[in-house]
Structures are given as structure tokens and as C-alpha cells.
Amino acid sequence: MACVTSSVSYSLYNLRTKSSNLTSATRRLVVRAETGMSTTIEKLGIKIQRNPPESTLSQLGVRKWPKWGCPPSKFPWTYDAKETCFLLEGKVKVYPDGASEGVEIGSGDLVVFPKGMSCTWDVSVAVDKHYNFE
């Protein structure tokens with residue numbers, strides 16, 4: 001890791017010395033949670049960066065993008081262009097057409113939807129987001 005705080009080092013030390021029954025994967029997970037590291041996944045064509053650093057949001061100009069919001073609801077949507085959005089609030093399960101499962105996104109996620117994707121949004125907690133179409 002490029003940047004590890006002393007408290008994280010101490011926590012990892014405690015895991016290694018006091019909790020030797022934890023796997024290395026668990027240790028990595030704990031360190032990741034304590035440092036607030038960003039994680040990126042791609043599922044069913046949707047890219048999600050959870051907890052992106054402020055530097056990433058600034059570089060993209062996210063706070064200058066338009067905002068959109070909606071109450072809890074369910075509706076179909078087709079992306080005529082690639083959309084990148086940052087969820088300020090909310091919780092959504094997105095079901096791409098033809099997929100048997102959904103993709104959960106929520107507050108603090110930076111999400112990229114590909115051009116041409118058709119899906120259904122199932123909004124369980126009201127959404128407030130910044131968005132940008134390319």
C-alpha cells in the first residue's frame with residue numbers, strides 16, 4: 001500500500017498478534033475498511049467505484065455536473081450515451097435487460113453505465129446524484 005496510517009499499521013499488528021486465526025484475506029479486508037480505500041468492481045457491464053477519493057471526484061469535475069433525483073420508484077431506462085454518475089444519496093438495484101440478477105448501487109458510489117444499456121431501476125431509497133453523459 002502506498003499510504004498506510006500508523007493507526008492502520010497498529011490495527012494490522014493487532015490482527016497478526018492477537019487474532020492469528022484470521023486469514024490474510026480477512027486482514028486485507030480490515031485494513032481496506034480502516035483506510036477508506038476505494039474499490040472498483042464491474043458487474044453485468046456496470047462499473048462501480050465505491051468510496052472514490054475526493055481527488056478522483058475533483059479531477060472528473062463531478063461537483064460541477066448537473067444533479068438529478070427521484071423518490072422511491074421503479075422504471076425502465078435506456079442509456080443513449082455513456083453515463084457516469086456519483087450518488088450523493090440513495091439506494092438502487094439496477095436490473096440490466098436479460099440479466100437474472102441486479103446490481104446494487106448507493107450513496108458514495110461512482111458508477112459508469114455503458115451506451116446502449118437498457119435496464120430497470122428499482123429505487124428503494126430516494127436518489128440524489130450528479131451525472132454526466134458522454
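Valine 94 is in contact with Ile46, Gly102, Val103, Ile105, Phe113, Cys119, Thr120 and Trp121, leaving out residues up to four places away in sequence. These contacts belong to a predicted model. Val94 is also among the residues with the most contacts inside the largest nonpolar core. That core has 18 residues. Ile46, Ile105, Val111, Phe113 and Trp121 share this ranking with Val94. Five strands each supply at least two residues of the core: E2 (46–50), E5 (83–96), E6 (103–106), E7 (109–113) and E8 (118–133). Another core lies apart from it. This second core has 5 residues, including Val62, Trp65, Phe86 and Leu110.

The cores sit in a chain with 3 helices and 8 strands. Along the sequence, the elements follow the pattern α-α-β-β-α-β-β-β-β-β-β. The chain has 134 residues, and 33% of them are buried. Contacts across the sequence were also counted. Of those between residues at least 6 apart, 70% join residues at least 24 apart. The exposed surface comes to about 8100 Å². Carbon and sulfur atoms supply 53% of that area.

Charged side chains add further links. The structure holds 7 salt bridges. One of them joins glutamate 134 and lysine 82, with an N to O distance of 3.7 Å. This pair links distant parts of the chain, 52 residues apart. Glutamate 134 lies in the segment after E8. Lysine 82 lies in the loop between strand E4 (73–78) and E5. Glutamate 134 has a relative accessible area of 57%, so it counts as exposed. Lysine 82 has 33% relative accessibility, so it counts as partly exposed.

A second salt bridge joins lysine 129 and glutamate 83 at 2.6 Å, N to O. It links strand E8, which holds lysine 129, to strand E5, which holds glutamate 83. The two residues are 46 apart in sequence. Both lysine 129 and glutamate 83 are buried.

A third pair is lysine 93 and glutamate 104, whose side chains meet in a salt bridge of 3.7 Å, N to O. Lysine 93 lies in strand E5 and glutamate 104 in strand E6, 11 residues apart. Lysine 93 is partly exposed, with a relative accessible area of 28%. Glutamate 104 is also partly exposed, at 44% relative accessibility. Strands E5 and E6 each supply at least two residues of the 18-residue core as well.

A polar residue in strand E2 was examined next. Glutamine 49 lies in this strand. Its relative accessible area is 18%. The cut-off for burial is under 20%, so glutamine 49 counts as buried. The side chain of glutamine 49 joins that of serine 38 in a polar contact of 2.8 Å. Neighbours within four places in sequence aside, glutamine 49 is in contact with Ser38, Thr39, Thr40, Thr56, Gly108, Asp109 and Leu110. Leu110 is also one of the residues of the 5-residue core. Strand E2, where glutamine 49 lies, supplies at least two residues of the largest core.

Notes: Residues numbered from 1 in each chain as written. Predicted model: local features only at pLDDT ≥ 70, side-chain atom pairs only at ≥ 80, totals over all residues. Heavy atoms only, no water. Core = buried A, V, L, I, M, F, W, Y, C linked by side-chain atoms within 4.5 Å. Buried < 20%, exposed > 50% of the residue type's maximum accessible area, 1.4 Å probe, protein only. Helix = DSSP H or I, 4+ residues; strand = E, 2+ residues; numbered from the N terminus. Contact = heavy atoms within 4.5 Å. Salt bridge = Lys/Arg side-chain N within 4 Å of Asp/Glu carboxyl O. Polar contact = N/O pair within 3.5 Å; in protein donor to acceptor, adjacent residues only side chain to side chain. Areas by Shrake-Rupley, 256 points an atom, 1.4 Å probe, with all protein chains shown as cover.
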